[in-house]
Amino acid sequence: MKVVLFCGGYGMRMRSGAADDVPKPMAMVGPRPLIWHVMRYYAHFGHREFILCLGYGAHHIKDFFLHYEETTSNDFVLRGGRTELLSTDIADWTITFAQTGVESPIGERLRRVRHHLDGDEMFLANYADVLTDAPLPEMIDNFARRDAGASMMVVPPQSSFHCVDLGEDGLVGGITAVSELPLWENGGYFVLRQEVFDHIPENGDLVADGCAQLAKRGRLVAHRHRGFWKPTDTVKERAALDAAHARGDRPWAVWERDDAGAGATGGRHCAGARA
């Protein structure tokens, strides 16, 4: 199944200054950028055809893959001055690089790559800046059985703030952590059918337009996920993921967990083991 990744936004809250023109999906977590971790997640489950919706800072993403260094995250043997890889990350990936405009909303970016989907009934989409350990095959199977136009992964609220219940006299009736409220947030992992294009106008948004219209028609379903899910909207959030990676706390790296007993060739051989 093809995977559409939205990776053309400015990512202003992730930038350290005017000279920093790196798009958010290229922010580093360990030795690899966010977008690599997201793509590695999908590839692990057998989905290795990617369509990158490029925009701001597109040359950074292109350069990363055009000059990709397999030795950064794979074991290898140096013999007679030649490198022999013991495993590989992206050898079986197909990546389409599509310029979708610097200012385009996400819905418009999706519209501009529709022809790359070859009319596939179902496809996957992602913001390319959120890491999770969600069971992707379950998410896809549940949606495939439903008569719906789109599925959105939802997660409990992540805010650390508290909501205050106030009476008209200003007295506080209760205090509740946002994370304990009966609410769900958009988790940024989508399974979509071609039907979604019927509800995204020119320069429209995937969620505010496409998903909202499907919801009104009873055509949007949600996949609840209470496991690991971390966004990277700020420098602090990215730094926390980078620190977790350094200490070996990587729940999003499902390929490491499942390949642990697969031997030296696990990086390539097991990429689709759970598809």
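Is F45 buried or exposed? With a relative accessible area of 2%, F45 is buried, because buried means under 20%. I shall come back to this residue when I discuss the aromatic side chains.

Good morning, colleagues. Please keep in mind throughout that the structure above is a predicted model.

I begin with the overall architecture. The protein has 275 residues, and 46% of them count as buried. Its secondary structure consists of eight helices and 15 strands. If we take the contacts between residues at least 6 apart in sequence, 75% of them join residues at least 24 apart. The accessible surface is about 13,600 Å², and carbon and sulfur atoms account for 50% of that area.

Let us turn to helix α1, which spans residues 34–44. This helix is mostly covered, with 11 of its 11 residues buried. Among them are W36, H37, R40 and H44. After the helix comes G46, which has a positive phi, near 95°.

Next, the nonpolar cores. In soluble globular proteins, nonpolar side chains tend to be buried together. Here the largest nonpolar core holds 48 residues, and the members that touch the most others are L5, Y41, Y42, F50, L52 and F65. Helix α1 supplies the largest share of this core, eight residues. One can see the link to the helix from L5: setting aside neighbours within four places in sequence, its contacts include I35, V38, M39 and Y42. L5 is also in contact with F50, I51, L52 and C53, as well as N126 and A128. A second core, separate from this one, has 21 residues, including M152, F190, V196 and C211.

I now return to the aromatic residues. The whole structure contains 14 aromatic pairs. In one of these pairs, the ring centres of Y41 and F45 are 5.2 Å apart and the planes stand at 75°, so the arrangement is edge-to-face. Y41, like F45, counts as buried, at 2% relative accessibility. F64 and Y68 also form an edge-to-face pair, with 5.4 Å from centre to centre and 85° between the planes. Both F64 and Y68 are buried. Y41 and F45 further belong to one aromatic cluster together with Y42 and Y189.

My last topic is charge. Side chains of opposite charge can pair when their charged atoms come close. The count in this model is 17 salt bridges. Consider R193 in strand β13, whose side chain meets that of E121 in a salt bridge of 3.2 Å, N to O. E121 lies in the loop between α3 and β8, so the pair ties together parts that are 72 residues apart in sequence. The two partners differ in exposure: E121 counts as exposed at 52% relative accessibility, whereas R193 counts as buried at 12%. The charged end of R193 also sits over the ring of F143, 4.4 Å from its centre.

R219 takes part in two salt bridges that I wish to show. With D147, the closest N and O atoms are 2.8 Å apart. This pair links the loop between α4 and β10, where D147 lies, to the loop between α5 and β14, where R219 lies. D147 counts as exposed at 63% relative accessibility, while R219 counts as buried at 18%. With E195, R219 forms a salt bridge of 2.7 Å, N to O. E195 is in the loop between β13 and α5, 24 residues from R219. Finally, salt bridges that share partners join K2, E49, D118 and D120 into one network.

Thank you for your attention.

Key
Residues numbered from 1 in each chain as written. Predicted model: local features only at pLDDT ≥ 70, side-chain atom pairs only at ≥ 80, totals over all residues. Heavy atoms only, no water. Helix = DSSP H or I, 4+ residues; strand = E, 2+ residues; numbered from the N terminus. Buried < 20%, exposed > 50% of the residue type's maximum accessible area, 1.4 Å probe, protein only. Contact = heavy atoms within 4.5 Å. Areas by Shrake-Rupley, 256 points an atom, 1.4 Å probe, with all protein chains shown as cover. Core = buried A, V, L, I, M, F, W, Y, C linked by side-chain atoms within 4.5 Å. Phe/Tyr/Trp six-rings, centres within 6.5 Å; stacked < 30°, edge-to-face > 60°. Lys NZ or Arg CZ within 6 Å of the ring centre and 35° of its normal. Salt bridge = Lys/Arg side-chain N within 4 Å of Asp/Glu carboxyl O.
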